[in-house]
Each structure stands twice: as structure tokens, then as C-alpha cells.
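Student: Could you take a close look at one helix in this protein for me, and put it in the setting of the whole chain? I'd like one connected walk-through rather than a list.

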Amino acid sequence: MMGRKFTLFSIVILCALNTTAQKKEKLNLPLESIWSGYFDEKKLQTHMLHTSNRFAFIEAKPENNLQMIFTLDFETGRLIDTVFTNQIKQQSDSLPITFTFFDDYEFSPDDSKILIKTQVERLFNTSTKEFNYVWDIPKKVMKVVTAEGKQWYTSFSPDSKKIAYVRDGNLFIKNLETDALQPVTYDGAMGQTMYGMADGLYENSFGMKQAYQWSPDGQYIALLRFNETTVKSFPISYYDRPYPDVAKQRYPKAGEMVPEVAVFIYNIKNKIMVPVDLGVNPNQYVTGIKWHPDGKSLYVQRLNRTQTRLDVLKADLKTGSAAVLFTEIKPDYIKTDPDNIYFLRTRNSFLWLSEDSAYNQIYEVTQLGNFIKKRKITKNEWEVAAIKTVNEGTGDIYFTGSDVNARERHLYKINIDGTRRKKLTNGNGVHSVQFTSNNRYFIDEYSTANTPSVLEMYNSDGRSISKLLENKGLKLKLADYKIPNTEFVSFTNNTKDELKGWVIRPYEIEAKKMPVIIYVYGGQTKQEVQDKWDDKTTLTMRWLANLGYLVACIDPRGTPGRGEVFRKSTYKKTGDVELEDIVAFKNYLKNNYRVDTANVAVMGWSYGGYLAALAQTKYAGQFKAAVAIAPVTNWRLYENVYAERMLQTPGENAEGYNNASPLNFVSNYQSGLLLMHGTADDNVHFQNSMEFSKALIKAGKQFDELFYPDYLHNISEGGGPDYARIHLFTKVAEFLKQQLTTGK
């Protein structure tokens, strides 16, 4: 009886404590903590092994200077072993030697070796260079790839006995058994002639990085050579010394000469380089190479300068002679992908992603003598994003797609005959998957706009095996703070197009009408309205909302994920279509939320910065203020592939370039512009903001500007506390407080 009373008493006390905990006042969300990593998600840095149903991940204990790579088995869900640790103990050592912390890793095809990547730094936009080491797992021996300098795009040969890498524009092969080094090229030099690596133009515009491939038998390497001497150089100054350094960046602006690209096949044993016949036109692009599984031919994607014709060439291994296998033609431009070809060994065909039917879909391309048969497999009215893998035994194709609502991404499978389509990922959000080499299992990393990432194991039928990571620690942290949710919205514009956006209201909503910040990116390469967690950007938008704003975001026409017609609606009329949609969004917010439409600001970065600058010039009077960060202000100053894809060349469409430039509408400007830019920006050159600033000054216009010395396009520290981003968003908040409260 006494025990029962005690139990009941304990329950009462616990309930009281829970009630007190529920009433605990939440904390204000601090900008400094967001950009200092306090709210960062935990990531496991997973990679699949090639010869088993296992995957690996990094686990670190910084307090002990310890970093480890564990492997875990899909079938049992158990840890198998530690395949690498930075506490290395060789047979001759009495104590372990602490190896440096590493950033990433990669397994050899036979899983006997691990490529350890350290001291990773930026090369171009997303590519990197690093010091690489090879850890031989059974021998427990560590070897440096080369001590001559950092390497780029390092990869194992198919038999795991060699390794290839690029350094300073040249391609090398190293024998891992004898340590013999074989230079493939000798005359490479950055900014001059580069082998086996894409330049910054190709990386930004075509998504190409590594520009070489081992043949299936490892006896040959196909590689691209970039001749950049035809491209004009752009000077970028660095001000951190008495006499500033001036870097010369090869950068083909709209209408200017492009790099001349050639393709070669290198015979490793005989050291013979065979050129592939691409025709005599140097004014073209090579947007992808792929070996046929039989190793006898190389498939090359060739795109014309106007980006309206894409040829797939089949080149002979021995002679380099090439013939056009098939061609795609569009009246505006063709969407390209360097990894587009997915060969099917059992069907003598390959899978190909194409927008032939308005949405990116999967086709099977079969060569029947001199005749090409192209058959459509998926028939969705939504986008196929990527082919992940194919199980030729069952005939199942696994692919990711944007689904009907466009803001999510899921994994699907479909039979090669076009039947039995099935969604394999569960729950809302954006899903990113990795498959085992035998296609029996996959890892799914997914999140929503309001929930941090979860990492989960599945079998290939979509049955969950186990959750590996749920970011519970982060969720507990977030629960202590005033963090408003993201609400997704849909509405129609004046031309009856359905548009998608999101809205964040302050955690504590006041009775008065809220000023509005419309955040936008726009452009043909990026969706902002995705149901996906982004710890720093997502939380910064919530921080702004808690200052008393309704923060909203829109994907206007011209953005990807909604099909070809939607994305190309801005073709040759860049800026106008997007601003019409942003104005329609403002009106939608007026009709559905308690907002002060006399106090609306547009904010954006890069392409979004361009739209913000255009909003205060060409569309002056529609918005009270604008924050334009790293904006393009004249498309003649931007790289040729992207600019010409939207507007053709300046010679072909001079009026289109003029109509799209904020420089030509500064006379309309009234007030309320904050212009921000990194002076070392190698993507959207600082020149854009200088020209815009000069035009506003000459027109007698007052505006605010803030430039970040020696910072790149993203205006970020790149690691540790991000003082630049803290400074930038603090300035944005101060500016908007001044602009959007005036006259209220």
C-alpha cells in the first residue's frame, strides 16, 4: 500500500515537473550561434563498399585527436570493423602515430585500399584539391600519393593497382605496387593548357569536374584537353598586402571566345595518345565522355555554341575516328548532363535523360545497325532528376524525381518496359540515396524544411531496416529556441501559372501588420522552395522573421523542377517574367496574411541579387527596399555559356541584353537599395557592382553599398565561426529595419 502511494505521489511530482518544463520560456534565436556551428547537423560522411553489403562512415572524437572509419553491414545492421583510424601504428612502432585529421575518403574497386583526403581546399566553384594518401587495409601500410603538391580528381584504376590524378594541369598515373610514376601529359599549365580536368566555365555551366575516365579494363584513359589561351583573362585583385596581388582568371564573357576542347584516348602500356575526331569547329563544347562497357569505344557528347544541337558521337578506341550516333535539337537550348549515358550490358543499349516530352524523362536508346531506336520509359508529368542504378537481373531502374509538388524529391523504381512504377522513400521532404553495388540495399538521407536530417537504411523494395542518425541532439537544442515553422504555399499568377513558395511568420506574431521580406534566387539552375532542412540558411530566415517580418520565398517561372516550358519561359526575356511573378506573390501575401504591402523588400544573392537590383530600377515603386548581394547587373559581363543560354550572344540579341540590365534603368531608381559584393568574386565579378554603383552615382542616386575585401562569391569564411556571414546579415537586418519602418 505504501509503495502504491509513493508511486502515485511520484507521478504527481513528475507531472508537475513536466508542466514546469513546458512553461519554460524559450530563448531568442541568436545569429552568432547559427553561423558559428552551434545548430549544425551531424553528418556521417557515408560511402559504399564495392564488394559487400556494407557501407562506411566517419566517426570523430576531437577531444582525443581521434578519427575513425567504421563499416556497417546492411544484412545484420551491426558494426563490422574499423577499417582506418588516424591513430596509426605500424609494425615497427611501439606507440601509434597521430595522422592528420582527414576530410573525406574513397574505397578502391576491390575494397583493399582507402584513398584518404586531407587539407581539402577549393579549386573552382565546388571542386577541390587536397593531399591524398592510400591506406592498404590488409597490409596496414600508408603511402602518400605525391609530395609534389596537392592533387585533383584522384581515382583508382579498375583493378585497384594504380591511381590517377591531376596536378597543375597535367595528368599522372602512379603504380601503387611499384610506386612508379607515369606522366600522361607534360605541357599542362593552369590557365593555359589543362588535361583531365574541367575549367571553371565547364564546372559552373555543365557540371563537369573530373575530365578523364579509366577504360573498363584499365588499359586506357580517355581525357579532355582544355586550351584556354584563346580565352581573355580577367584581373582579380587581393588587398591583403601593401602591393595587391592581381590574379589572372580565364573567363569567357558573353560573346567572347571559349576554350578549345579536344578529346584523347591514352594507351597506358604503349604511352600513345590518340586524338578523337570531333570535327573542325573549335567554337563548340564537349559536355561528357563515357566508355562503352566492352572498352572498345568511347561515347562523346558534343554541343554547338548556340546550345541548340547535341550530338552523341561514338569514337573508335584504336583510331579515334568518330561518327554521330544520334542528335537532339531544340529551338532554344538543350539541357545537358556529363553523366547522362547509362549503359545496359544485357540489352546492347543505354538509358538517356531527355526533355523531348516537356519533362525530363528516361529513354532507352538502342543501335540497330545504322538505325537508332529511342523508346520512352517514364511517362510522368514531373521531372526525373537522376538515374541512380539499374538491376538488369530484375529489369528495375531506380531513379529520383521531383514528384508532382516539385518541392520534394523521392526515389522510385520502374521496370525497363515502363510498368510497375513504385515510390520507395517514405515521408515528406527531399531524399538523397546511395545504393550498394549489387542494388540490394540503399541509404536514404532525408529532411524537411522543419525537421533536420535523418539517415536510414532500406532494402531495394523500400522496406526500412534501421535508422542510423536522427539528429536528436540538434532537435533538443532547437526545442529551447523560438523557431517558427516554414509554411508552404501555392498560388497562380496573372497568366494562370501555378507558383510555389514558402512563408515564415515571427514566432511571436504581433497584432500589427508585418513588413515583408521576399527572398528569391530564380534562374534556371536552382530551386529555393524545397522541403529540405538547411541549418544555416533556414535558421537565418527564421531569425529575420523573429525580428518582426513575414519572410517569404518564391520560385518564379524560369526555375528548374517544373518541366521544360516552365524553366524556359524566361528565354530571351530574362528578369521581366520573374519580377512579374514576384509582384504577383506580393499581392498573394496581401490577400492572405496580415502584411504591410507598403513595406516590402526583395532580397537575393547572385541571380537573386540580380532580380533584387532589377526590382529597384526597372520595377521601381513596386517595392520599398532591396538587398542585392553579388548581383549580375549586365549579362555582357557574365560567363558566356549561362548568359548565351538565356539571351543568345550580344550580337544576336543586343536588345535583350539591354532590357535585362539594371544599369539601363537607374533613372527609375527612387531609394532603398543595399548593394553587397565580395571583391575577389570569381563567379559574378565585382565589376558588376562597380558598374552598377557608377551608373547610380552618375544619375545622382543615393544608395547603400558594402563590399567585402578578398571574399569570394559566397562571402564566407569557409570554416569555423563565419564572421563574414554574421556581419553581412547583421547589416541586412539594420538596413531593413531602417527602410521598412520609415513612415509607419
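Tutor: One definition before we start: Lys and Arg count as positive and Asp and Glu as negative, while His and the chain ends are left out. On that count, the mean positions of the 92 positive and 85 negative charges of the protein sit 4 Å apart. Keep in mind that this is a predicted model.

Now the setting. The protein has 12 helices and 45 strands. Its radius of gyration is 27 Å, close to the 27 Å that the globule rule gives for 744 residues, so the protein is as compact as a globular protein of that length. Along the principal axes, the C-alpha trace spans about 90 × 80 × 65 Å. Of the 744 residues, 56% are buried. Among contacts with a separation of 6 or more, 56% are between residues 24 or more positions apart. What the protein exposes comes to about 32300 Å², with carbon and sulfur atoms supplying 49% of that.

The helix I'd pick is α7, which runs over residues 576-592. From first C-alpha to last, its 17 residues reach 25 Å, close to the 24 Å expected at 1.5 Å a residue. So how much of α7 is buried? It's mostly covered, with 12 of its 17 residues buried. Here "buried" means under 20% relative accessible area.

Look at who is on that buried list. It takes in hydrophobic names such as V577, L579, I582, V583, A584, F585 and L589, along with Y588. Charged residues are on it too: D576, E578, D581 and K586. As background, an α-helix has 3.6 residues a turn, so residues three or four places apart point the same way.

What do those buried residues pack against? Five strands are among the partners: β38 (486-492), β39 (498-504), β40 (514-520), β41 (550-555) and β42 (595-605). The helix α8 (607-615) is a partner as well.

While you have the model open, two backbone spots elsewhere deserve a glance. Q119, in strand β8 (residues 113-122), has phi near 50°, a positive value in a residue other than glycine. Q119 is partly exposed, at a relative accessible area of 42%. N348 isn't a glycine either, yet its phi is positive at about 55°. You'll find N348 in the loop between β26 (342-344) and β27 (349-354), and at 53% relative accessibility N348 counts as exposed.

Key:
Residues numbered from 1 in each chain as written. Predicted model: local features only at pLDDT ≥ 70, side-chain atom pairs only at ≥ 80, totals over all residues. Heavy atoms only, no water. Helix = DSSP H or I, 4+ residues; strand = E, 2+ residues; numbered from the N terminus. Rg over C-alpha atoms; globule rule 2.2 N^0.38 Å. Buried < 20%, exposed > 50% of the residue type's maximum accessible area, 1.4 Å probe, protein only. Contact = heavy atoms within 4.5 Å. Areas by Shrake-Rupley, 256 points an atom, 1.4 Å probe, with all protein chains shown as cover. Charge placed at Lys NZ, Arg CZ, Asp CG, Glu CD. Expected span 1.5 Å × (residues − 1).
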